[in-house]
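This report describes how one protein chain is folded, moving from a sheet to helices and then to the interior. Please look over the sequence and the model before reading on.

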Amino acid sequence: MDGSLAPIWGSLIIFILCPLLGGLPLIDWITYLVTGQKLQQLGTGNISVTAAFYHGGKLAGILAVLSEAAKGILAVLLTRMFFPDGSVWEILALIALVMGRYWMGKGAGTTNATWGIFVHDPVAASLVFLIGLISFTINRDRKLGKLGVLGLLALIIGLRHINQPEYFLAALALGCLLAWIYKQIPDDLDLPPSEVNPQSQKMFRFFRPDKTIISLDQKLNPQKVGEKSANLSLVKRLGYAVPDGWVLLPGDDFRPLLAYLNPSIQEPLVARSSAIGEDSGSASAAGQYLSILNITSRENLQIAIADCQASYLEKSATEYRQTHQQNSGAMAVLIQKQITGVYSGVAFSRDPVNAFCDGVAIEALPGQASQVVSGRVTPFKYEVKVLSEKVEGDGEDSEGKQARVICLNGGEDVIPQEVLKSVAVIARKMEALFKGIPQDIEWTYDGEKLWLLQVRPITNLQPIWTRKIAAEVIPGQIPPLTWSVNQPLTCGVWGEIFTLVLGKQASDLDFRQTASLHYGRAYFNATLLGQIFLRMGLPPESLEFLTRGEKFSKPPLSSTIKNIPGLWRLFKREWSLETDFEQDNQKLFIPLLSEIASTKNLSLSTSEIIARINKILEALEVSTYYNILAPLSFALRQAILKVSLEELDNSQVPEIASMRSLAELAIDAWKLLAKEQITMGSCASLFAYLADIPEGQSILQRFDNWLETYGYLGEVVTDISVPRWRENPRPARKMLAEFFFDKESRRQVLGNKKEFNFSLKQKLVQTRFSLKGKVGEVYNKLLAYLRWSFLDLEAIWLQENILSQPGDIFFLDFETIKNLSQQKSDLDMINNLITSRREKWQGESKSSIVPYLVYGNQSDFDVPTTNYVLESQKKLTGIAASSGQIEGIIKVILNYQEIKDDINKDIILVVPYTDAGWSLILARAGGLIAESGGSLSHGAIIAREYNIPAVMDVTYATQLLHDGDRVKLNGQTGIVEILD
């Protein structure tokens, strides 16, 4: 062979033949020949040397070792045909071999690498083997042992080639690859030793760390020890008081633990079930398995362990697992020191029965906690309102003073209030620790210390629905027609984005559950979204981080690495987003909007209107994709590149451009009118005068053109039941008059134009911000034309007496409308449906307080309108959205209809939400407080453009603040102080 071609052929052998060699399932074939069993159908499904020993016995295991060792040796020898002996290419060949072994052969490749390294460098291999064997004999932790050996391998090879760093890097890459594979596949050594092939039991006893006692002081895996033990281990390691405990793994020999523990009358123990799947988010298995107290001897402990394990096989427990679609797994047993409780009970961080109780529900009795959970004794019930929830760290005593106890069934003097307050604070701390999921805790107080005996999620309070983000997307009360259009669009597009990243991992997810209505308002499924983002390798709070700037936790690194291909696909979509939108804008959006605009004055038939609606909906599906991805892309770039919102040009977004255009029109009107007419005071007189003079006609025509351009905006542009400016131009007329008569208002809008000299990173963010505005404009125009199309249809049906009164069509869903247009529906049924939905709507509209979080599916509860009392506060906090400070008088406005003429720069507006259509009102105020929205919301953009201090996301602001209150608003810190 030509020497110059040898490296080329060698690299081909390494990168093509070695992976194929690694993928050969020799172990599976050997085990099948010896036992007649296929390894991929047994145990963990791994095709590994360990699996061959476990299921096939000594002969199958030895043959498996020889076959895999031969692969490693062969890979090195093949490399030596093309490269010098001992070259770094031999390690690269082993990397390729291991990759094929994992991706095609379903194994880790440890044996391949071990024997390959032995041939490559016998001295380094021998040193690693000797040091590793000694270390494992002393420290029986398999995981640390594996990782230690891999690190040692890279270190020793690096030291032996001190002047050739490529050897160290190649060995490190091999070690990292093996470490990553170990995380991806289950360990066959975790299988129950009782089921191991008898010929291999001695080997398994050596490599399994059965001699190590597993305690709650260690980090525990819930897939091995059950959620109960893993949760208690977590909170104990964080410093909370949890009784000392030890875990017996499923199938483990109980004798070492029995010898280690010595229960007595003075120090009794308790044995508790800790089954895989018990105390999980979907099923608590409460009452299905045994807990045995007062264990005072080793003989009793042995019996208690056996009884706990046997309870897993009881008929009721088996039926429970089948009902909750749980696979039968295994039962670990948790053994703990028994605490002699003076007061004990259970606590729920959120009331599982009363959806609107914002306190902690506690059930308690004097004595042991077993009295309460047994159900044989009626406990005293309490509701504890935690007024200050500082969940970080300890400090229960100081926080407990900020709680108020309400006794619900006559136990006022039975349980000390300080104990109940401390229990409530810890319950909320557990909720915060477990990502906001409501927790059920079992506790006991021994006279000195409050002990946690169990922490688990409250299963009937799942999923968690949040109104925080949804209120920005589609605020307020939502009628059936709006929801029947928005929900499929929103959920469908989110599903498309998630599936792009997750691929097959998304097959079991129901994206229709991404959003739902509760109490007539939109809520996002926070539980589902958190699970999805974790699967994507992103923090569960990713959406809150991108849309609201909130903090986020670190996701598992293995999940992030696993989803790199999917995240790369999403990144490519993000990178080409602007180009893709421009193509769709030219081919789809602009032609469709022009076509609809040209036919808006024509009389269309019912079928023609339905056809137009379908066209708009098809375009909306495409534009919804951009309307979701463009803001997320902008937020991501802004967060990564750390560009402040004040550095960006807002002038082209519709809510700002519309105001600027109106102010310019007012200046031109001012120039046209005679000087003596300047003193006119009212909007009506201005427009009457303009109509009377020839020069005024051009101004009125330009105002009509302005309405054509921006008339698609309104109070809530995402709700097609809400009128647009084109239908009700009164606010725009008033704003034009204000600009005409008030020079300061014009100056505020027109004199605030900034010059921008963007750096490269600012340009990267600005392009996405501008794209966000363009996408929003198209999306909102399509929704406006969709509204007007439904109104055209409603007008026809009112004439035909199909509908009774204006607005009826918004109480029908789109599917019903389609059926009605094809005369497939009974008119009496339609009228009854509208009547019932209208009554429900009116009932829901009377609710002044609607929760921001809904736990589970609790919409059947009546929304309280008088019983629910908010605690008064002197200081409110929210998201700082526009810097500056102001002291002013509060004016609460719940909707457009309540807007008066008395809004000025001394007024701080308090609103439930903001939209692009609110710009005409917000520009007149001195400050802004909103219940919903973040730093990227419409109100925040308007406030920053006009230097109006603003705080968004102030919970229940419209209820806690009242007209006439004097407050100090700090838009830099997000704090609102009530002065009087």
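## Axes and a helix across a sheet

An axis here is a line fitted to C-alpha atoms, taken for a helix over the stretch in contact, and the angle between two axes runs from 0 to 180 degrees between their N-to-C directions. In this predicted model, helix α35 (residues 938-945) lies across β17, β20 and β21 (950-952). The helix runs at about 45 degrees to β17.

## The protein as a whole

The protein has 980 residues, and 53% of them count as buried. Its secondary structure consists of 36 helices and 23 strands. Consider the contacts between residues at least 6 apart in sequence: 69% of these join residues at least 24 apart.

## The eight-stranded sheet

Strands of a sheet pair through backbone hydrogen bonds, either parallel or antiparallel. One open sheet in this protein contains eight strands with mixed pairing, in the order β16-β23-β22-β18-β19-β20-β21-β17. At its edges are β16 (875-877) and β17 (879-882), each of which pairs on one side only. On average, neighbouring strands of this sheet are turned by 30 degrees against each other, direction ignored.

Which strands does β19 pair with? Strand β19 (residues 907-911) runs parallel to strand β20 (residues 927-930), and four bridges join the two. Strand β18 (residues 885-892) is also parallel to β19 and is joined to β19 by four bridges. Individual bridge partners can be picked out in the model. Ile890 is partnered with Ile908 in β19, while Leu909 has Leu928 in β20 as its partner and Val910 has Ile929 in β20.

Is β19 enclosed or open to the outside? Five of the five residues of β19 are buried, so the strand is largely enclosed by the rest of the structure. The side chains alternate: Ile907, Leu909 and Val911 point one way from β19, and Ile908 and Val910 point the other way.

## Strand β7 and its partners

Strand β7 (residues 360-366) lies between two antiparallel pairings in the list of bridges: six bridges pair β7 with strand β6 (residues 343-348), and five bridges join β7 to strand β8 (residues 380-386). Val346 has Glu363 in β7 as its bridge partner, and Ile362 stands opposite Tyr382 in β8. Five of the seven residues of β7 are buried, so β7 is largely enclosed by the rest of the structure.

## Two packed helices

Helix α25 (residues 606-641) packs against helix α32 (residues 814-821) at an angle of about 150 degrees, and their axes are 10 Å apart. Angles over 145 degrees count as roughly antiparallel, and α25 and α32 are therefore roughly antiparallel to each other. Their crossing is left-handed.

Which residues meet where these helices pack? From α25 come Thr606, Ile610, Ile613, Asn614 and Leu617, and from α32 come Phe814, Ile817 and Ser821.

## Nonpolar cores

Ile817 of this helix pair also belongs to the largest nonpolar core, which has 140 residues. Within that core, Leu786 and Ile817 touch the most other members. The largest share of the core, 16 residues, comes from helix α31 (residues 760-799). Residues up to four places away in sequence aside, Ile817 touches Leu481, Ile610, Phe790, Leu793, Trp797, Ile809 and Leu812. Apart from this core lies another one, of 39 residues, and Ile91, Leu94, Ala96 and Ala125 are among them.

## Phe581 and its surroundings

Phe581 is found in helix α24 (residues 577-598). Is Phe581 buried or exposed? A residue counts as buried when its relative accessible area is under 20%. Phe581 has a relative accessible area of 2%, so Phe581 is buried.

What does Phe581 touch, leaving aside its neighbours within four places in sequence? Its contacts are Phe589, Tyr626, Leu771, Lys774, Val775 and Val778. One of these, Tyr626, is 45 residues away from Phe581 along the chain, yet the C-alpha atoms of the two are separated by 7.2 Å.

Notes: Residues numbered from 1 in each chain as written. Predicted model: local features only at pLDDT ≥ 70, side-chain atom pairs only at ≥ 80, totals over all residues. Heavy atoms only, no water. Core = buried A, V, L, I, M, F, W, Y, C linked by side-chain atoms within 4.5 Å. Buried < 20%, exposed > 50% of the residue type's maximum accessible area, 1.4 Å probe, protein only. Contact = heavy atoms within 4.5 Å. Pairing = 2+ DSSP bridges. Parallel < 35°, antiparallel > 145°, perpendicular 65-115°, else oblique. Left-handed = near helix turned anticlockwise from the far one by under 90°.
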